[in-house]
Amino acid sequence: MQSLRDAIRTITDYPKPGIQFRDISTLLGNPRAFRRAVDELVQPYAGARVDKVAGIEARGFILGGAIAHQLSCGFVPIRKKGKLPHQTVSISYALEYGTDEMEIHLDAVEKGERVILVDDLIATGGTATAAVQLLQKLGAEVVAACFVIDLPELNGRRKIEALGVPVRTLVAFEGH
Ligand code: AMP
């Protein structure tokens with residue numbers, strides 16, 4: 001069977017020179033790889049109490065929806081600023097150049113709910129750190145942060161672990 005690593009396509013110099021873009025659309029389009037990625041991400045939490053899965057826009061929605069279904073729990077979107085229609089809590093976070101903002105609905109998670117955060121890839125960890133902080137602002141207990149891909153040279157995992165959240169990743173790639 002094809003490995004998860006082989007199911008991920010790499011596009012060199014996208015979206016700018018020097019970046020190796022790890023494209024999971026090929027993994028998502030491959031029925032066996034998609035199922036396997038979801039099964040392996042949730043494996044440690046099968047049987048544990050999980051109330052919600054929170055996915056980061058946009059690729060985290062695809063994986064997070066499948067994971068929520070698998071764990072029989074709710075799904076919560078964390079979106080770019082201005083996309084959520086009801087009352088929100090927002091957080092700004094640093095990008096390579098400038099800042100960005102992400103939001104969650106104020107009533108998306110109740111205090112004390114156990115939440116798993118999902119995205120496709122962790123690089124510097126800036127995006128996931130902001131998402132964990134948003135969930136923690138709402139009083140959630142973030143039980144894990146799950147990513148298909150880790151770029152270990154950028155050390156994002158350590159930032160999330162420093163917030164007291166265990167990190168699960170399936171495939172590591174070198175570089176940025
Ligand atoms: P970071 O905040 O640096 O951890 O970046 C993580 C976010 O940027 C995730 O939502 C990823 O989808 C995206 N991202 C960062 N680097 C890459 C890459 N090399 N290939 C694909 N997506 C990336």
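The following conversation concerns a predicted model of one chain with a ligand.

Colleague: What should I know about the model before we start?
Modeller: The model is predicted, and local features need pLDDT of at least 70, side-chain atom pairs count only at pLDDT 80 or more, and totals for chains, interfaces and linings use all residues. Residues are numbered from 1 along each chain as its sequence is written, and side-chain values use heavy atoms, with hydrogens and water left out.

Colleague: How many helices and strands are in the chain?
Modeller: The chain has six helices and nine strands; these are DSSP runs numbered from the N terminus, H or I of at least four residues for helices and E of at least two for strands. The radius of gyration is 15 Å, close to the 16 Å that the globule rule gives for 176 residues, so the chain is as compact as a globular protein of that length. That radius is taken over C-alpha atoms, and the rule is 2.2 Å times the number of residues to the power 0.38.

Colleague: Now the ligand. Which residues come nearest?
Modeller: Of the 15 residues around the ligand, R59, D120, T124, G125 and T127 come nearest, where a residue counts as near if one of its heavy atoms lies within 4 Å.

Colleague: Which element gives the most to that shell?
Modeller: Strand β7 does, with four residues. At least two residues each come from β2 (20–23), β7 (114–122) and α5 (126–137).

Colleague: What polar contacts does the ligand have with D119 and T124?
Modeller: An oxygen atom of the ligand lies 2.8 Å from a polar side-chain atom of D119, and for a polar side-chain atom of T124 the distance to a ligand oxygen atom is 2.5 Å. A polar contact with the ligand is a pair of N or O atoms within 3.5 Å.

Colleague: And R22?
Modeller: There a polar backbone atom of R22 is 3.0 Å from a nitrogen atom of the ligand. The protein covers 81% of the 490 Å² of accessible area that the ligand has on its own, computed by the Shrake-Rupley method with a 1.4 Å probe.

Colleague: Different topic: where are P15 and A58?
Modeller: P15 is in the loop between β1 (9–12) and β2, and the peptide bond from Y14 to P15 is cis, with omega near 0 degrees. A58 is in the loop between β3 (52–56) and α4 (59–71); the peptide bond from E57 to A58 is also cis, with omega near -5 degrees.

Colleague: What is phi of D13?
Modeller: Phi of D13 is near 60 degrees, a positive value in a residue other than glycine. D13 lies in the loop between β1 and β2.

Key:
Polar contact = N/O pair within 3.5 Å; in protein donor to acceptor, adjacent residues only side chain to side chain.
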